[in-house]
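Could you walk me through this structure in the viewer, stop by stop? I would like to know what to select next and what is there when I do.

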Amino acid sequence: MAATVAAVLLIPRVGMMAAMGLLLLVMVRLLNGSWRVAILTAVIVTLCLYAVFVAWLQVPVPRGPWGW
């Protein structure tokens, strides 16, 4: 629960996609996944979320200081 709250609080600072990627990374590690699996999951799922919601459906999401 703390990881989810932290991700929500990070959204204005780092952007929606980066916060979701970090949340996925933390959640997979908390569920005893290896670092390799956690990083791959965070990257692949975040890219899929970006492709579906931002690129395809054109849903405006909060962007971080890096523009994504």
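Here is a tour that starts with the whole chain, moves to a pair of packed helices, and ends with some single residues.

**Stop 1: the whole chain**

Keep everything displayed for a moment, and bear in mind that this is a predicted model. Colour by secondary structure and you will find three helices and zero strands. Read from the N terminus, the order of elements is α-α-α.

Now zoom out to take in the overall dimensions. Along the principal axes, the C-alpha atoms fill a box of roughly 35 × 25 × 20 Å. The radius of gyration is 12 Å, which agrees with the value near 11 Å that a compact globule of 68 residues would have.

Switch on a surface next. About 4900 Å² is exposed, and carbon and sulfur atoms supply 75% of that area. Of the 68 residues, 28% count as buried. If you like contact maps, open one here: among contacts with a separation of 6 or more, 45% are between residues 24 or more positions apart.

**Stop 2: α2 against α3**

Select residues 16-30 for α2 and residues 35-56 for α3. How do these two helices pack? The angle between α2 and α3 is about 145°, and their axes are 8 Å apart. The crossing of α2 past α3 is right-handed.

Show side chains for the residues that make this contact. From α2, pick M17, M20, G21, L24, L25, V28 and R29. From α3, pick W35, V37, A38, I39, T41, A42, V45, T46, L49, Y50 and V54. Colour this set by residue class and you will see 14 nonpolar residues, three polar and one charged.

**Stop 3: T46, inside the contact**

Stay on α3 and centre on T46, which belongs to that helix. Is T46 buried or exposed? Its relative accessible area is 13%, so T46 is buried, the cut-off being under 20%. Leaving aside residues up to four places away in sequence, select what T46 touches: M17, M20, G21, L24 and T41. M17, M20, G21 and L24 are also on the α2 side of the helix contact you have just displayed.

**Stop 4: two positive phi angles**

Before you open the Ramachandran plot, a reminder: most residues other than glycine have a negative phi. Which residues here are worth a click? Begin with N32, in the loop between α2 and α3. N32 is not a glycine, yet its phi is positive, at about 65°. With 73% relative accessibility, N32 counts as exposed.

Then move along the chain to Q58, in the segment after α3. Q58 also has a positive phi, near 55°, and is a residue other than glycine. At 64% relative accessibility, Q58 counts as exposed.

**Stop 5: the segment after α3**

Carry on through this segment to W66, which is found there too. How exposed is the W66 side of things? W66 has a relative accessible area of 53% and is exposed, since the cut-off is over 50%. Draw a distance from W66 to G15, C-alpha to C-alpha: the two are 51 residues apart in sequence and 8.4 Å apart in space.

Finish on G67, in the segment after α3 as well. G67 counts as partly exposed, at 40% relative accessibility. For a last distance, connect the C-alpha atoms of G67 and V8: they are 59 residues apart along the chain and separated by 18 Å.

Terms used: Residues numbered from 1 in each chain as written. Predicted model: local features only at pLDDT ≥ 70, side-chain atom pairs only at ≥ 80, totals over all residues. Heavy atoms only, no water. Helix = DSSP H or I, 4+ residues; strand = E, 2+ residues; numbered from the N terminus. Buried < 20%, exposed > 50% of the residue type's maximum accessible area, 1.4 Å probe, protein only. Contact = heavy atoms within 4.5 Å. Axes fitted to C-alpha atoms, helices over the stretch in contact; angles between N-to-C directions. Left-handed = near helix turned anticlockwise from the far one by under 90°. Nonpolar A, V, L, I, M, F, W, Y, C, P; charged D, E, K, R; others polar. Rg over C-alpha atoms; globule rule 2.2 N^0.38 Å. Areas by Shrake-Rupley, 256 points an atom, 1.4 Å probe, with all protein chains shown as cover.
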